[in-house]
Amino acid sequence: MTMTARSLEGKAVALELSERARDELAEIRAQHNVTPALAIVRVGDDESSVAYERSISRTGTRAGIVVGAEHLAESATADELAATIERLNRDPAIHGVIVLQPLPAHLSRFAVADVVSPAKDIDGITTYNAGRLFHDDYDVLAPSTPAGGMALLKHYEIPLSGRHAVIVGRSSVVGKPMAMMMLAENCTVTICHSRTSDLATLCKQADILVSAVGRANMIDERFVKPGAVVVDFGVNFVDGKMTGDVDEQAVAPVAAALTPVPGGTGRVTTMVLVRNTIRAARQALDAAQ
Ligand code: NDP
């Protein structure tokens, strides 16, 4: 008998997070008469950034926070970008700041990362928040994509403790922080990348296989242990159609569960940015009391 993997939809997770956000927003309004506000900084008009901005804006507004945007020209200098971020850092009405990636080639994401105030760093890109994540601090403003992946695994009650997680991808925004978060949940974690030898054999040992690569259909049945849970962070476009890293048709008969693309992890990411904005606002307001 062939199995068909359960589809771990992001919608239900986003809904759960938005219900929690609604309660927290009501509390903050009652206590402080403040609505948390998020500022999106975009440099240039990269197509994926424009789409991401629209999605953050929609999710945030629906959830009940204030969302604003600062747009800089593609030619903006590092000083101009830093001045914009510093102005938002100083503005007490702004609680969260996200700088959309990719930045134009002349701007360094690493240089920008530490201009953002750690207290407003809702995508967890600063050295300070990355360090707190390294210390297993659960209140940290964590990178939204892997934090969303963890929220999804918890929502569907996927057992984590003692299980072998194999993560393909080691970027500082997805793969590496996901590894830290899974380690904190007592997974045994293997991190793979483009130089890993015999990738399929390693992946096939995973109870939970996580892909954060950006190569359509790279993960097929040869990479998946029967009964594994597969989390797909990949966002790729094939003939104008969005697809993940996982070949869903090939993997579905083998895996116990997998996240669809679209409709899986991506749905949760933007809601985590909203949650982090509320968390940042609460921390700032409580500290000011
Ligand atoms: P990066 O390009 O920064 O990292 C990709 C990683 O994949 C690298 O570690 C790279 O290895 C590894 N890799 C590349 N090719 C191979 C290969 N053939 N075999 C094994 N490993 C390989 O991407 P990001 O981490 O920023 O993003 C990963 C994916 O997640 C992308 O598709 C992106 O669009 C998506 N994404 C999804 C989000 C969401 O909300 N769902 C949000 C952010 C990103 P090496 O380090 O050796 O180069």
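**Entry 1: ligand shell.** I sorted the residues of the shell around the ligand by character and obtained 9 nonpolar, 10 polar and 2 charged. I note here that the model is a predicted one. I then looked up which of the 21 residues around the ligand come nearest, and found Arg-170, Ser-171, Ser-194, Val-235 and Thr-269. I also checked which element supplies the largest share of this shell; helix α10, spanning residues 265-288, does so with 3 residues.

**Entry 2: polar contacts of the ligand.** I began with Ser-194, where a polar side-chain atom lies 2.6 Å from an oxygen atom of the ligand. At Phe-233 I found a polar backbone atom 3.2 Å from a ligand oxygen atom. For His-193, I recorded a distance of 3.5 Å between a backbone N or O atom and a nitrogen atom of the ligand. I next looked up how far the ligand is covered: on its own it has 930 Å² of accessible area, and the protein covers 69% of this.

**Entry 3: second largest pocket.** I turned to the second largest pocket, for which I noted a volume of about 540 Å³. Its lining consists of 25 residues, and I found Tyr-138, Met-150, Lys-154, Arg-275 and Arg-279 closest to the pocket's centre. I listed the elements that give two or more residues to this lining: α1 (10-32), α6 (144-155), α7 (175-184) and α10. Helix α10 thus appears in both of my searches, in the ligand shell and in the pocket lining. I finally sorted the lining residues of the second largest pocket by character and counted 13 nonpolar, 2 polar and 10 charged.

Key. Residues are numbered from 1 along each chain as its sequence is written. This is a predicted model: local features need pLDDT of at least 70, side-chain atom pairs count only at pLDDT 80 or more; totals for chains, interfaces and linings use all residues. Side-chain values use heavy atoms; hydrogens and water are left out. A residue is near a molecule or strand if one of its heavy atoms lies within 4 Å of it. A polar contact is a pair of N or O atoms within 3.5 Å; within protein, one must be able to donate a hydrogen and the other to accept it, and residues adjacent in sequence count only if both atoms are side-chain atoms. Accessible areas come from the Shrake-Rupley method with a 1.4 Å probe; for residues, only the protein chains shown count as cover. Helices (H or I, at least four residues) and strands (E, at least two) are DSSP runs, numbered from the N terminus. Ala, Val, Leu, Ile, Met, Phe, Trp, Tyr, Cys and Pro count as nonpolar, Asp, Glu, Lys and Arg as charged, and the others, Gly among them, as polar. On a 1 Å grid over the protein atoms alone, a cavity is a set of points where a 1.4 Å probe fits but cannot get out, and a pocket is an open set with protein on both sides within 12 Å along at least five of seven lines; lining residues have an atom within 4 Å of a point. Grid points are joined across faces, edges and corners, and a volume is the space filled by probe spheres set on the points.
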